[in-house]
Amino acid sequence: MNSLVKKPFLRLKEYVPGKDEDYVKKRYGVEKVIKLASNENPHGASPRAIQAFREYDRLHIYPPSHPEELIQKISEYTGFEESRIVVGAGIDGILEAIFKIFIDKGDRVLIAPPTFPYYHTLAEISSADTVRVERDENFMISNPPREFKLAIVCSPNNPTGNLEREEVVRSLIDSGGIVFIDEAYVEFSSRTLLHLADSENVVVARTFSKAFGLANLRIGYAVVPEWLRKFYLKAKTPFPLSTPAIKAAEAALDDIEYMEKTVDKVRKERQRVFSALRKEGLEVFPSEANFLFVRLKVESSRFCEELMKRGIIIRDCSGFEGCSNRDVRISIGKKEENDILLQSVGEVLEVLG
Ligand code: PMP
């Protein structure tokens, strides 16, 4: 049967997620594991969102294909009209629909490594012509090409944490292709590019997975031009969001204060961890997201393994295109988790010399 499988992307290696808690417990015999590898909100979702999720029990009924009340609340949150909002199973789901709509074999897709790996996966699946865009020493996109069908801008960028310059993004928009702006981490940052969604060729995507603490429920949304919404509704899967997820997202938007409080804590801790890691002599980059990008003097795999022995999982970025085998990404945890991280980093640096 294997001979029936011919698509070139199927020859690629499958996505390897970070190590999970159970693996680390068993492999290293540690009792408590701190996971700082997937940029989740360590304070979790609003209790009101969790309650709304739990209360829904009509699980034999299909969810609405078009969750109007949620879209109305997203419209209020973003300041864009309901006719401009679409939802999907995370930004992952939204990206998938955008690739389905626009990208055929050989179409030029601009990607600026190092960045979120799923962009590359979708470009491969679509047999696109991936055009790699350079970044400067602060990881900002510089001199992007003018010819493309789709350009992907991640701001703040995963894994480097920096925002993109508005004038560079505007120059991409002026070239006329579709510009997809991924703002997964925007709530942790000081600046948004959402106002650029006024242009007819811009999509700004966001998620409930990060600041809102609902990663497990897979809820994303995007502000799109009105003409694109029609096509999006044709390209999306019929029921991208479950009703418990819709209810939780609505409740989360009714409790913005909770989200803002947790974001505030994360930002304060980000500053503290940043300074402490720099004091240890590490090369840490300024971040506008809920993680820090660190360039080590030792191999990232050894550094990560030593931390796992101490029950801490961070992200080894050596597999990210555009990263070296000395790059790691550390999500910001709760204060007490960060304390343990900092102490362990000190020990690991001594062990590795
Ligand atoms: N974009 C970026 C930059 C991300 O880091 C992630 C999650 N790791 C996603 C999108 C996917 O988010 P979601 O959970 O909404 O699919």
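1. A quick term before we start: a residue counts as buried when its relative accessible area is under 20%. By that yardstick Asn162, at 8%, is buried. Keep in mind as you read on that this is a predicted model.

2. Let's stay with Asn162 for a moment. You'll find Asn162 in the loop between β5 and α6. Its side chain makes a polar contact of 2.6 Å with the side chain of Thr160. Setting aside neighbours within four places in sequence, Asn162 is in contact with Arg135, Asn138, Phe139, Met140, Cys154, Ser155, Pro156 and Asn157. If you want a sense of scale, pick Ala205, which is 43 residues from Asn162 along the chain: the two C-alpha atoms are separated by 17 Å.

3. Glu164 deserves a look as well. Where does Glu164 sit? Its place is in the loop between β5 (150-154) and α6 (166-174). Is Glu164 buried or exposed? With a relative accessible area of 2%, Glu164 is buried, because anything under 20% falls in that class. The side chains of Glu164 and Arg135 are joined by a polar contact of 2.7 Å. Not counting residues up to four places away in sequence, Glu164 touches Arg135, Phe139, Met140, Ile141, Val153, Cys154, Ser155, Val169 and Arg191. Arg135 turns up among the contacts of Asn162 too, so try showing these three side chains together.4. Now to the ligand. Which residues come nearest? Of the 14 residues around the ligand, these are Asp182, Tyr185, Thr207, Ser209 and Arg218. By class, the shell has 6 nonpolar, 4 polar and 4 charged residues. Helix α4 (residues 90-102) gives the most to this shell, with 3 residues.

5. A few atom pairs show how the ligand is held in the model's coordinates. A polar side-chain atom of Asp182 lies 2.5 Å from a nitrogen atom of the ligand. An N or O atom in the side chain of Tyr185 is 2.6 Å from an oxygen atom of the ligand. Asp92 takes part through its backbone, where a polar atom is 3.0 Å from a ligand oxygen. How much of the ligand does the protein cover? On its own the ligand has 400 Å² of accessible area, and the protein covers 91% of that.

6. Two of the residues nearest the ligand, Asp182 and Thr207, lead straight into the strands. Asp182 stands opposite Ala205 in β7. Strand β6 (residues 178-182) pairs with β7 in the parallel sense, over 4 bridges. With β8, strand β7 pairs in the antiparallel sense, again over 4 bridges. There, Thr207 has Gly220 of β8 as its bridge partner.

7. How many residues of β7 are buried? The count is 6 of its 6 residues. In a regular strand the side chains alternate between the two faces of the sheet. Both faces of β7 are covered, with Val202, Val204 and Arg206 buried on one side and Val203, Ala205 and Thr207 buried on the other.

8. Helix α3 (residues 68-78) belongs in the same part of the story. Its buried residues are Leu70, Ile71, Lys73, Ile74, Ser75 and Thr78. What covers them includes β2 (85-88), β7 (202-207), β8 (220-223) and α8 (243-253). An α-helix has 3.6 residues a turn, so residues three or four places apart point the same way. In α3, Leu70 and Ile74 are both on the buried list, as are Ile71 and Ser75. Just after the helix, Gly79 takes a positive phi of about 80°.

9. Elsewhere there is an open sheet with mixed pairing, made of 5 strands in the order β1-β11-β12-β10-β9. The edge strands, each pairing on one side only, are β1 (34-36) and β9 (283-284). Strand β1 pairs with β11 in the parallel sense over 3 bridges, and Lys35 has Ile313 of β11 as its bridge partner.

10. Last stop, helix α10 (residues 300-309). Which of its residues are buried? They are Ser300, Phe303, Cys304, Glu306, Leu307 and Met308. These pack against α1 (21-28), β11 (312-316), β12 (327-331) and α11 (335-352), and β11 and β12 are both strands of the open sheet in the previous point. After α10 comes Gly311, with a positive phi near 85°.

Definitions and conventions. Residues numbered from 1 in each chain as written. Predicted model: local features only at pLDDT ≥ 70, side-chain atom pairs only at ≥ 80, totals over all residues. Heavy atoms only, no water. Near = heavy atom within 4 Å. Polar contact = N/O pair within 3.5 Å; in protein donor to acceptor, adjacent residues only side chain to side chain. Areas by Shrake-Rupley, 256 points an atom, 1.4 Å probe, with all protein chains shown as cover. Helix = DSSP H or I, 4+ residues; strand = E, 2+ residues; numbered from the N terminus. Nonpolar A, V, L, I, M, F, W, Y, C, P; charged D, E, K, R; others polar. Buried < 20%, exposed > 50% of the residue type's maximum accessible area, 1.4 Å probe, protein only. Contact = heavy atoms within 4.5 Å. Pairing = 2+ DSSP bridges.
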